[in-house]
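The following paragraphs guide the reader through one sheet of a predicted model. Please keep the sequence and the structure in view while reading.

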Amino acid sequence: MTTRTTCPYCGVGCGIEAGGAREGLAVSGDAAHPANGGRLCSKGAALNETVRTDGRLLQPMVYGRQRTWRYATQYIARKFEETIEAHGPDSVAFYVSGQLLTEDYYVANKLMKGFIGSGNIDTNSRLCMASAVAAHILAFGEDVVPACYKDLDLAELVVFSGHNAAWTHPVLYRRMEAARARGQRHSVIDPRETDTAREAYLHLKLKAQTDVRLWNGLFAYLWEKGHVDWPFVIERTSNLHEVRAALTADDQNIASVAADCGLEATDVLDFYQSFAKMERTVTLFSQGANQSIDGVAKCSAIINAHLLTGRISKPGASPFSITGQPNAMGGRETGGMANTLAAHMNFSADDLDRVSRYWDAPRLATKPGLKAVDMFDAVADGRIKAIWIVATNPAVSMPQANRVRDALARCPFVVVSDVIADTDTSRFAHVKLPALAWGEKDGTVTNSERCISRQRAFMPAPGAARADWRIMADVAAAMGFGKAFAYKSSSDVFREYAALSAFENDGARLLNLEPLAALSDRAYAKLEPVRWPILTTGGVDRPFATAPFSTPDGKARFVRAHSQPRQTNPRFPLVLNTGRIRDQWHTMTRTGLSPRLMQHAQEPYLEIHANDAVAARIEDGALVEVSSAHGRAILTARVGASVRPGEVFAPMHWSESFAPQARSNALVAPAVDERSGQPEFKRTPVAIAPAPVAWRAFFVTRERRDPPNALWWRRIPYTHGHLYEIAASPDTLSPSAFAAPLFAEANAEDMLVAGDGGAFLRQANITDDRLQYAFFSTATGGLPARDWLMALLGAERVSDADRSMLLTGGARGEARGAAVCACFNVARGEIEALCTKEDGVTDARVGAVLKAGSNCGSCRPEIARIITANQKEHHHAAA
């Protein structure tokens, strides 16, 4: 028996069919779901590897002691009540997550804003799409995405503005690959050379944070050349002349725009001409646009160009903000952000009165609360004295992450609700509450195209884990608000939320779920994916195709867009850009459980332009120390031309559990967009230098054995153990001092040892004919390939022949190399071997023989590069 549910990763909202027990769970794409039509990305396809219960938080823990739910909820209620009584409602806060279901979000928001009486509930979605929300509200009067996925099939031109869709939303990218084969043109605006950029017709590799200049230049070009949809502009927009007047302050000549953006004038002209001529144009914008102190300005400039040409909510023509989390949209809808109230209502007098009456709220918050960065600043300076963190890991994901850690360490009362027992954030918790995970919880999520889908439970709750909405409701009851939170099921919560969206809604708010407000439990259980506002518009699923905009006059507003000045610091001459990689998600608490997802990019790295690497005397593959005014990190250098000179890039995923000295968000400045509160993850001044290394090593072990943090290390989980890569600075442990406690309990007859008394050391332990662990270190020489040793770690028996060569590293055949295809665990070496064996190999042939690239397709650009490189190598060899 299979269960139809929804993926818990990105905002695409793919449907999944899941079947079987927790052990042996099978997952596949739901062919009937409109978001994905049966496709899954590498992360979705590996969900079955992430549902095991080892490492789960299974019982409520209060100050390190296991307690009952009754004790824990009453204790939390009492602590919050005492804090509020002594310091007021704004002394407490909730920090929640786009991983929550809509029902969870609704209850949390209702408790904080309606009954505690503070606006201090914000979400980690603040970090990824708050600028788009603000831009939507400024332009449209409401946070409404005006496009749908069908538009990606119909568009003549797709502009990717700060959006590496090939990696971050691969299922959607596959749709656009098919459209590109039919003639669709792709233009990419990104300071990095990503897989999306490499595959595009045009890549505008602009200077960091010059997007507003580029888009304003487009607006001026469209105006000058007469590409204005005057009927649309006159009838359906306002504020055009203010924006036009603002643009005259800068020289909008194409050559000037190109010079300011660091681009070729011919490329800028090509982009402008393509946008002008191709009426069916979709602009996809994501974190590269949002995560900036110019985030709202960037999004507004994009929307302005679409308004000027009348390309809003038309087939194949619209601006389209793509979200990063599975239910960031649900959080936006329910009011789970500090600056919104509930159900697309704000803090106006009318909305406050309406929500207060609907909730029968005793002390409704009357003003917005603190946004994420401000919230943790308030924790740091003592204004917030109690915080409840739900389904997120801000000790890793927030900017200036070390300060967030210090703040949590000083906070008098920290509650963490999570699935995982040990996260960087939960280490600061006084109370830890076990929550249900994907496959155990039941509710709804809303994806990037406003499609509401069901997440359904198909596994029993482990231990005492509970749904987040229920945990919140139980605490609310313990605080004396039981009547307002007497929900018996997630369907009860959903019906109340849907009814609120329709309450006294005369059409001013497009979010109106009235047809779902009376769903029976049975109908809720069987609910099929459905988009709003199609529920109330007679089948029209592009919001502004016929409906007026949600502004007082029903017209969309042009919004002035301008960049904020940035200061330079000679101590930190480079600019750091952070972001996601293909197979990982957020802080790896889920994806890190899947060994195959760890194989494509095993190490935290820093992309550096070759010119900057030469200037800093950094070699490719060496460890590099990155420093900013806020912290430091040690990463592995990737030298090349993927970034511009003067700019560097680092992934944001690694945490204490995987690489404690490689947390890139510890470097990031806490600067935010003044309107959206979204942090600038894309432009932090940094400096780089070679990291001093006395010796390097690796350690393979069946059981997890984290080295001391005085050493640089990273951990890569495998099915049968763990691989640690280690490096030491001159003033830290020697190899023998590090290895001694690891092997202290081993019997001498089980040990194999070789070394020179210095940095060269090789030790292995074989017990009952099975390799338990092995350690290899060196100061200057190379280290053997890890593949054979990791395979030996999983073997049932170490043969005499294997034992004899164990300390040499057992050089057997070619190394597999890094994984390329995570869906089918195909490594680079396997693709290269096929290219060597056969002439004229194509990506289709690789897919047919090895299956690589035949599922989500996110590895196909890399496969193409491997084939091209192999062909060039064979050509040179033949010559």
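Strand β28 and strand β29, the latter spanning residues 721-728, pair in the antiparallel sense through seven bridges. Within this pairing, Trp 712 has Ala 727 of β29 as its bridge partner. Backbone hydrogen bonds are what hold paired strands of a sheet together, in either a parallel or an antiparallel arrangement.

Strand β29 also pairs with β27; the two run antiparallel and are joined by seven bridges. Here Val 700 of β27 stands opposite Leu 723 in β29. Strand β27 is joined to β32 as well, by six bridges and again in an antiparallel manner. In that pairing, Ala 697 has Ser 777 of β32 as its bridge partner.

These pairings belong to an open sheet of six strands, which follow one another in the order β28-β29-β27-β32-β31-β30 with antiparallel pairing. The edges are formed by β28 (712-718) and β30 (751-755), each of which pairs on one side only. From one strand to the next, the twist averages 10°.

A helix accompanies the sheet. Helix α25, made up of residues 735-742, lies across four strands: β27 (695-701), β29, β31 (761-767) and β32 (770-778). Relative to β32, the helix runs at about 170°.

How many of the residues of β27 are buried? Six of its seven residues are, and the strand is thus described as mostly covered. Strand β27 therefore brings together several features of this region: β27 pairs with β29, β27 pairs with β32, and helix α25 lies across β27.

Methods: Residues are numbered from 1 along each chain as its sequence is written. This is a predicted model: local features need pLDDT of at least 70, side-chain atom pairs count only at pLDDT 80 or more; totals for chains, interfaces and linings use all residues. Side-chain values use heavy atoms; hydrogens and water are left out. Two strands pair if DSSP finds at least two bridges between them. Axes are lines fitted to C-alpha atoms, for helices over the stretch in contact, and angles run from 0 to 180 degrees between N-to-C directions. Contact means heavy atoms within 4.5 Å. Buried means under 20% relative accessible area, exposed over 50%, partly exposed in between (1.4 Å probe, protein chains only).
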